[in-house]
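Dear colleague,

I am passing this structure on to you, as you have not worked with it before. Please have a look at it first, and then read the notes below, which go through what was found.

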Amino acid sequence: MKFKACRHSLTLPLFFLSLLFFPRTEALTKERGFNRSVSAVFVFGDSTVDPGNNNYIVTPIRSNFPPYGRSFKNQEPTGRFCDGRLATDFIASYAGIKEYVPPYLDPTLSLEELMTGVSFASAGSGYDPLTARISNVIEIPKQVEYYKEYRKRIEIAIGKQRTDYLIKKAVFVISCGTNDFVISYFTLRVRKSYTIPEYQHFLIQKVEQLIQSLWAQGARRMAFVGLPPIGCLPVVITLNSQNPFLPRDCIDELSLVANDYNLKLQKKLKAIHRNLAHFGGRIAYIDIYGPLSNLIQNYNKFGFEEAANGCCGSGVIETSLLCNPKSYVCPDASKYVFWDSVHPTERTYYIVFQNLRPVIDTMIK
């Protein structure tokens, strides 16, 4: 797939804006990493890591209906924006913790489920607080508040000393930022007074604040996921091409902005890690830009048949409510890089997870 420069500014209708927000179990179990070295997995961020928290809030950004979940256990639409599992599910399974990371807001979770980790993420959210407000989802600071609430619940159940130890041995995964650029900056332009470098700096400041908040609450192992090549998201291609159907090439200009942000984020995280390493801190950067770019540009080598369109509907615009029980769905999602016009398929998440294993190992060993 060729890359080309952006031809138009994003002009998503507000309705589409509200809908826009990143293997078998037995096989994963055999390749699990360092069992018992990690107590739990806690997750913060957006739709790439939200397993269903938005099911429990009033927002149009949902996916708890078919055909979502078609490849999940019992074909259950859990609220994951995918046909099956997310990368965080694979991470939890590989670490020997559990097969799926559940949403914190699920009122039916047992104490055992809570103690082995939950996701506080909310589809549609971002580091920029205005991003979450656009579609009435859970802002990052509110996700942190839920985490603090979680700590209190666990302390009541097992005591402060055991809770402190559980948190110290846990891994925190944060995946966020795509919505900030795709929606807030390039489309709605709610931060139009910022230049691109200024907005990148603004978001990285929010990352620093999040690290400080989580560190103060006992987090010691934190992994931050960078941005994907946002110019290769099917919906972004559609809305930035003179002909939205042919050819469907990535919008290079937007992906370059994401890559530049990733370089700055990686530099900042390295500096923070150096400062906190003496206190037992592990702050890591997880690169998904490289693995996804390689997969998209060489999709045939990975056994995929389509990388520019999603499996659901036409594959060029549908996501969330537009990908619904009445939508056409491709026969085999494993042949598609993307499930809908924004989110990867379970198979794509698994391939990305495999690329991330060296970084994951440094966090869980």
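**What was found**

N240 is buried, with a relative accessible area of 0%, where buried means under 20% relative accessible area, exposed means over 50% and partly exposed lies in between (1.4 Å probe, protein chains only). N240 is found in the loop between α10 and β5, and its C-alpha atom is 9.2 Å in space from that of C250, with the two positions 10 residues apart in sequence numbering. The helices (H or I, at least four residues) and strands (E, at least two) are DSSP runs, numbered from the N terminus.

Before going further, please note that this is a predicted model, in which local features need pLDDT of at least 70 and side-chain atom pairs count only at pLDDT 80 or more, while totals for chains, interfaces and linings use all residues. Residues are numbered from 1 along each chain as its sequence is written, and side-chain values use heavy atoms, with hydrogens and water left out.

**The chain as a whole**

The chain has 13 helices and eight strands, and its C-alpha atoms fill a box of roughly 60 × 45 × 40 Å along the principal axes. The radius of gyration is 19 Å, which agrees with the value near 21 Å for a compact globule of 365 residues; this radius is taken over C-alpha atoms, and the globule rule is 2.2 Å times the number of residues to the power 0.38. Of the 365 residues, 59% count as buried. The chain exposes about 14700 Å², of which carbon and sulfur atoms supply 53%, the areas coming from the Shrake-Rupley method with a 1.4 Å probe, and for residues only the protein chains shown count as cover.

**The nonpolar cores**

In soluble globular proteins, nonpolar side chains tend to be buried together. A nonpolar core here is a set of buried Ala, Val, Leu, Ile, Met, Phe, Trp, Tyr and Cys residues joined through side-chain atoms within 4.5 Å. The largest one has 88 residues, and F42, Y150, F172, L214 and M222 touch the most other members. Helix α9 (residues 196-216) gives the most to this core, with nine residues. L214 touches F44, V144, Y147, F172, I174, A219 and M222, leaving aside residues up to four places away in sequence, where a contact means heavy atoms within 4.5 Å. Apart from this core lies another, of 31 residues, among them L86, I97, A284 and I288.

Helix α9 also holds E198, which counts as partly exposed at 41% relative accessibility. The C-alpha atoms of E198 and H278 are separated by 31 Å, and the two residues are 80 apart along the chain.

**Backbone features to check**

Most residues other than glycine have a negative phi, and most peptide bonds are trans. Which peptide bonds are cis in this model? One joins P66 and P67, with omega about 5°, and another runs from L246 to P247, with omega near -10°. P67 is placed in the loop between β2 (41-45) and α3 (87-94), whereas P247 is found in the loop between α10 (234-239) and β5 (250-251).

Two residues that are not glycine have a positive phi: N136, with a value near 55°, and R189, with a value of about 55°. N136 is found in the loop between α5 (129-134) and α6 (140-158) and counts as partly exposed at 48% relative accessibility. R189 is in the loop between α8 (178-185) and α9, and at 37% relative accessibility R189 also counts as partly exposed.

**The loop between β2 and α3**

The loop that holds P67 also holds P77 and N55. P77 is partly exposed, with a relative accessible area of 22%, and the C-alpha atoms of P77 and P67 are 7.3 Å apart in space, the two residues being 10 apart in sequence. Leaving aside residues up to four places away in sequence, P77 touches S63, N64, F65, P66, Y68 and G69. N55 counts as buried at 19% relative accessibility, and with the same sequence neighbours left out, N55 touches R62, N64, T78 and G79.

With best wishes
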